[in-house]
Amino acid sequence: MRPVSDSARISRRRFLIGTGSTLGALAFPSLATRAAVAAGTALANGAHVPVLVIGSGYGGAVAALRLTQAGINTHIVEMGQSWTTPGSDGKIFCDMLNPDGRSYWLRTRTDQPVGYFMGIDVNKNIPRHTGVLDSEAFGGIRVYQGRGIGGGSLVNGGMAVTPRRSYFEEVLPSVDSDEMYDIYFPRANATLGVNHIDSAWFETSDCYQYARVSRMRAQNAGFATTFVPNVYDFDYMKREAANEVTRSALASEVIYGNNYGKKSLDKTYLAAAAATGRLTISALHIVTAVAPAFGGGYTVDITQIDTSGNTVTTKTVTADRVFFAAGSIGTSKLLVSMRAQGKLPNLPSAVGEEWGNNGNVMVGRAGLDLTGSLQSGMPTMGIDNWADTAGPVFAEIAPFPAGTELWINLYLAITKNPNRARFTFNSSTGKVDLSWQTSYAQPSIDAARRVFDAINKKAGTVYRTDLFGAYKTWGDDFVYHPLGGCVLNKATDNYGRLPGYPGLYVMDGSLVPGSIGVNPFVTITALAERNMAKIIATDLA
Ligand code: FAE
């Protein structure tokens, strides 16, 4: 298989999407930056499809592209909405500073990752809507996830990092790393549209002042820094800075979506899949159950919702094959509850195990360094202390795009945290619990301290203790990088097939056992490319 061409990647293809009765026929958006949607027909009750993909994030988008290119009609069922229609302000997504109903998934109040300032809760009341960022709460952790056609690609910071080979081999020893680094990582990077910042521009642009001062402080304390590639179009960002185009990354757009500049999956993998004419998508459709069907294939129960989260109708369809790509949380929850409820009773005991937070912990430093009132929402630099065996850390230098000078240096540290949690079905609530406890973040804090204590000491600066609560230094109770729960070669075979259930596959971040040492979407994409190549060649030939 070959990667899609550049023109396929960046052209605005039309999705065939079933939006159900709630959205009706959608007009072609006036904004030329988002993929267009032609109203189609959502899956009808009783319908049969050859392949049903649950979720339209990285795993689902790779599956959809490679299946449709192989000539197979594919239907994606996505619980979030399509993000193609501008709101009353003419924009599809709201920015970080002015969150409205578009920001959060079915909440009446925002739940910002950095939710405090000077120790005061800065969250805002918002209308309840199927917004783009979900903050899903379990007992000991809140898990941020993207909702909508494009999944996490809609909300994330676009950092596109190929993991260190030695750590990849440690985490996924059953995978042929030659193949990954020769074929599938390059294929994923090319198809995602990964690009690099112009380093000369970086050195002079106001919007990366925050990254330059954090680099300077890290280097002064003896730490190495590295540029990080991104799927945000850096040429577009340059033109934003020059006031030639509408601002997005430079207009505090991140975590609630980007209106311009970011090559989210709806403009890359999903656009290319739609261009084959073999992809259809049902948005605002939540898969609630999967079970073997009489006579072969699987029945899939679906709840269709409106944009307020109310049930519109329920449907049961059948599919010859089902790809679980609902993300680490979504896939694990579905499979664990199907096993407990006797719908997929033979799933292995490894399903639901080995969930981790990629060692995520967030922290801010205060000082007198000017970090800039204009900050690009797209991070492009990291502090690399992974070689420190006493506490490996790769810390993304994160923006704090408040539109005013706040002297805040913010970081998302990715650490090697050995703690893992388990999903279990709770028969009294009918929900799936996750056993992670906030105290499990301690190894991450300890590792991050090895970097930031040293930086603070050298710079004469201190931790901010006001951003994650009153007198709370560490953002240790939420995660951007959920991984695991259905680990490759343990819960599935070595290519994502679920044992005992021919035609059921897992294709997302749940395959990666809890940690990958860098921001994870390139790994999830490349692993899905590898697995799909095998599955198409052997199961679907
Ligand atoms: P994901 O992209 O979450 O897609 C799953 C899809 O399934 C979603 O669209 C769901 O709405 C849908 N779904 C779930 N349950 C159901 C159901 N029952 N029925 C129908 N649909 C369902 O999964 N990673 C990086 O590499 N670089 C970054 O810079 C970065 N920044 C981030 C910033 C934020 C704020 C967040 C939240 C995440 C960030 N990530 C970043 C993580 C990255 O987005 C994440 O690892 C991937 O999106 C996971 O890909 P999956 O395909 O596993």
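Strand 11 and strand 12 form a hairpin with five residues between them, and Gly295 in the turn has a positive phi of about 85 degrees. The model is predicted, so local features are taken only at pLDDT of at least 70 and side-chain atom pairs only at pLDDT 80 or more, whereas totals for chains, interfaces and linings use all residues. Residues are numbered from 1 along each chain as its sequence is written, and side-chain values use heavy atoms, with hydrogens and water left out. Strands (E, at least two residues) and helices (H or I, at least four residues) are DSSP runs numbered from the N terminus. Two strands are said to pair if DSSP finds at least two bridges between them.

In the hairpin, strand 12 covers residues 298-305 and pairs with strand 11 in the antiparallel sense over seven bridges. Within this pairing, His285 stands opposite Gln304 of strand 12.

Strand 11 also contributes to the surroundings of the ligand. The ligand is surrounded by 35 residues, where a residue is counted as near if one of its heavy atoms lies within 4 Å. The closest are Glu78, Gly152, Met159, Gly509 and Phe521. Three backbone approaches to the ligand can be described. A backbone N or O atom of Val287 lies 3.0 Å from a nitrogen atom of the ligand. For Gly158, a backbone N or O atom lies 3.3 Å from a ligand oxygen atom, and for Gly148 the corresponding distance to an oxygen atom of the ligand is 3.5 Å. Taken alone, the ligand exposes 1,000 Å², of which the protein buries 95%; accessible areas come from the Shrake-Rupley method with a 1.4 Å probe, and for residues only the protein chains shown count as cover. The elements that give two or more residues to the shell are helix 3 (58-69), strand 8, strand 11 (285-292) and helix 12 (521-538). Strand 11 gives the most, with three residues. By class, the shell has 16 nonpolar, 16 polar and three charged residues. In this classification Ala, Val, Leu, Ile, Met, Phe, Trp, Tyr, Cys and Pro are nonpolar, Asp, Glu, Lys and Arg are charged, and the others, Gly among them, are polar.

Strand 8, one of the elements that line the ligand shell, also takes part in an open sheet. This sheet has three strands in the order 7-8-22, with mixed pairing. Strand 7 (133-137) and strand 22 (478-479) are the edge strands, each pairing on one side only. Strand 7 and strand 8 (residues 142-146) are antiparallel and joined over five bridges. The bridge partner of Ala137 in strand 8 is Arg142.

Arg142 is also contacted by Asp111, a residue of the loop between strand 4 (74-77) and strand 5 (116-117). The side chain of Asp111 makes a polar contact with the side chain of Arg142 at 2.9 Å and another with the side chain of Ser135 at 2.6 Å. A polar contact is a pair of N or O atoms within 3.5 Å; within protein, one must be able to donate a hydrogen and the other to accept it, and residues adjacent in sequence count only if both atoms are side-chain atoms. Asp111 is classed as buried because its relative accessible area is 13%. Buried means under 20% relative accessible area, exposed over 50%, and partly exposed in between (1.4 Å probe, protein chains only).

A further set of paired strands is centred on strand 15 (residues 381-385), in which four of the five residues are buried. Strand 9 (residues 224-227) pairs with strand 15 in the antiparallel sense over four bridges, and Ala224 has Asp384 as its bridge partner. Strand 16 (residues 393-398) is likewise antiparallel to strand 15 and joined to it by four bridges. Here the bridge partner of Asp384 is Phe394.

Other buried positions occur in strands 3 and 10. Leu52 lies in strand 3 (residues 48-54) and counts as buried at 0% relative accessibility. The C-alpha atoms of Leu52 and Ala64, 12 residues apart along the chain, are separated by 9.2 Å. Ile281, in strand 10 (residues 279-282), is also buried at 0%. Its C-alpha atom is separated by 8.5 Å from that of Thr74, 207 residues away along the chain.

Two cysteines are buried as well: Cys94 at 4% relative accessibility and Cys207 at 1%. A search of the whole structure finds zero disulfides, a disulfide being a pair of cysteine sulfur atoms within 2.5 Å.
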